[in-house]
Every structure is written in C-alpha cells, then in structure tokens.
Amino acid sequence: VGFLKGGLRCAHAITTVSPTYALEIQTRDFGMGLEGLLVERAADLHGILNGIDADAWNPQTDATLAANYGAANAGKREINKLALAERFGLETGSGPLFGLVSRLTWQKGIDIVAENADWLVSLGGRLAVLGSGDVALEMAMADAAARHPGRVGFVKGYDEGLSHLMQGGSDVMLVPSRFEPCGLTQLYGLRYGAVPLVSRVGGLADTVIDANEAAVEAGAATGIQFSPVDGPSLGEAIRRTVALYGRSEIWSRMQRKGMKTDVSWDRSAGKYAALYTSLLGNQ
C-alpha cells in the first residue's frame, strides 16, 4: 500500500517547494514512479518556493561573522574572506574563493566538483569545502586539498557558525545538485553576497538569474547556472565565473542585486495562505 500515493490521489491540493520541481516530478526522471498520477493531478499541483529565516541569516547582524555588512557596504566582506581563508588554511590571492557547504553525496553533484578541483585551481580560484557524507567523496575532497595545499581546504563535518562565515566570506557559493526541490544554500548565498553557481534544476533554476549577456546588460543577473549536470558543464561554468569575477563592476552589481532579492518567507507564506483560503472557499 502506498500511503503517499493515496494522499496524492485524495488531497484537494498538492504543493511542492518550487515551480520548476512541480514540473520535474511529472516526468519519469524525477517522478519516482508517481509521475503518471502527478500528471493527472497537474491542475491541483502547486510549486511554491521556500524562504529562509531572514533574522537568523542576516549579514548585518550575524554574530558569527568577522565583520557585518549590507548591500551598501559589501566591501567589508573582504574581512570575512580573510577569516575564512585562515580557517581553511588558504592562501590569499586575486582569484575568487569558491565555497561549498553540503552533504557530500552524488545527488549534490560533489563528484563533479572533485573532478573540477584541479581546473578551478588552474584558473586562479580557491576552494573551501565544509561537509560530510559518502566516504569516497570525503576522500576525494581530502585528496584535492592534499594536492593543492593553500588552494583547496576541506573541513569534514558540519559547523553552523562556520557555514555562516562561508556565506559571508566566499565569493562564490557552489550548488551543483543533480536534483534540488528548492535548496536553501543558494538563498543564503544571495542574502550574503556569495554569488551562487548552480545547476539548472528545481528551485535553483527558479531562484538564481543566470549571468547571460542579456541579464548582465539589464542588471538582472544574480548568479551562474549550468546544464546538463556533468563535469564538462560545471567546468565551463567555473570558467565563466572566474571571467565574471575579473570584471569587478559587473560582479559587484550581481552581488548587490542578489542581496536585495527577497528570499524571506513573506511572499511564499502569502501564497500558501491564499491557496488554503481558496480551498476553504470550495468546501
């Protein structure tokens, strides 16, 4: 007996945590055998984005940071960047510092990050990794750090305060997931000015505006997207990111745009309330 399937069949409405994921789960690749039922219930399926706790994740008041800042004085992020580099044993440098805070699993795309570690370093970047998970992927991150001392740092496990510092000090926040219903890491990145580099799936596609030529011209870009989710595509996205970082005016504009994006629960909560109200009206 599939109780989840029964719930999907009988519910007056079905919600999931992003518009793109609502479409993805109606396909064989993402539906996990329930895609037929979800296609049948498509008119009642709603994708509503998650939000973050804007008080707990606020770079202007976050006590875990080495320096507080906002969109108007984002240059103070450099103090956090220096503190982050020291924590991970990284050298200072002119290239971007990439941060990765994640479970180290295939789903999160960690294998393609390991595949691109040498490439990232060759382009002048540095990489700080905080996470744990599959033993093979932990070893791959440790190996990358051993090959590139001072350029790649790896802290195994999870540390809440350090994760905040990584958002406040990283230039780029890596989120290369193979599937991601919504994701919170990229939302923290936007809030803290750590420009998200994300795969074009689920909520990542819905919350990050890719820095393509048109978006950059319009001043709308907030990050970098890539697809498909494989090593070569991530490698090209890393190259694009390093090139954009070298254009300081564009990079600063992307940071400020992301930091001014509303990633709180305010709008999403309103959408849930409106949906629930509509259901009550139909009874």
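Pro228 sits in the loop that links strand 8 (224–226) to helix 13 (231–245). The bond before Pro228 deserves a look. Ser227 and Pro228 are joined by a cis peptide bond, with omega at about 0°. Most peptide bonds are trans. Keep in mind that this is a predicted model.

**The whole protein**

Now step back to the full chain. The protein has 15 helices and eight strands. Its radius of gyration is 20 Å, close to the 19 Å that the globule rule gives for 283 residues, so the protein is as compact as a globular protein of that length. The C-alpha trace spans about 60 × 40 × 35 Å along the principal axes.

How much of the protein is buried? Buried residues make up 51% of the 283 residues. The accessible surface comes to about 12900 Å². Carbon and sulfur atoms account for 55% of that surface.

Next, contacts along the chain. Take the contacts with a separation of 6 or more: 73% of them are between residues 24 or more positions apart.

Charges come next. The protein has 26 positive and 30 negative charges. The mean positions of these two sets are 3 Å apart.

**Cysteines**

How many disulfides does a search of the whole structure find? The search finds zero. Two cysteines show opposite settings. Cys10 has a relative accessible area of 62%, so Cys10 is exposed. Cys182 has a relative accessibility of 2%, so Cys182 counts as buried. The cut-offs are under 20% for buried and over 50% for exposed.

**A positive phi at Met32**

Most residues other than glycine have a negative phi. Met32 has a positive phi, near 55°, and is not a glycine. Where does Met32 lie? Met32 is in the loop between helix 3 (28–31) and helix 4 (35–40). Is Met32 buried or exposed? Its relative accessibility is 74%, so Met32 counts as exposed.

**Pairs apart in sequence**

Three pairs of residues show how the chain brings separate positions together in space. The table gives both separations.

| Pair | Apart in sequence | C-alpha to C-alpha distance |
|---|---|---|
| Arg240 and Ile224 | 16 residues | 8.1 Å |
| Leu23 and Gly47 | 24 residues | 8.4 Å |
| Ala13 and Arg41 | 28 residues | 8.6 Å |

Start with Arg240. Arg240 is placed in helix 13, the helix that follows the loop of Pro228. Which residues does Arg240 touch, leaving out those up to four places away in sequence? They are Asp210, Ala211, Asn212, Ile224 and Gln225. Ile224, its partner in the table, is thus among the residues in contact with Arg240.

Leu23 belongs to helix 2 (residues 19–24). Its relative accessibility is 59%, so Leu23 counts as exposed. Gly47 is 24 residues away in sequence, yet the C-alpha atoms are 8.4 Å apart.

Ala13 lies in the loop between helix 1 (3–10) and strand 1 (14–16). Leaving out residues up to four places away in sequence, Ala13 touches Asp44, His46, Leu275 and Leu279.

Conventions. Residues numbered from 1 in each chain as written. Predicted model: local features only at pLDDT ≥ 70, side-chain atom pairs only at ≥ 80, totals over all residues. Heavy atoms only, no water. Helix = DSSP H or I, 4+ residues; strand = E, 2+ residues; numbered from the N terminus. Rg over C-alpha atoms; globule rule 2.2 N^0.38 Å. Buried < 20%, exposed > 50% of the residue type's maximum accessible area, 1.4 Å probe, protein only. Contact = heavy atoms within 4.5 Å. Areas by Shrake-Rupley, 256 points an atom, 1.4 Å probe, with all protein chains shown as cover. Lys, Arg positive; Asp, Glu negative; His and termini not counted. Charge placed at Lys NZ, Arg CZ, Asp CG, Glu CD. Disulfide = S-S within 2.5 Å.
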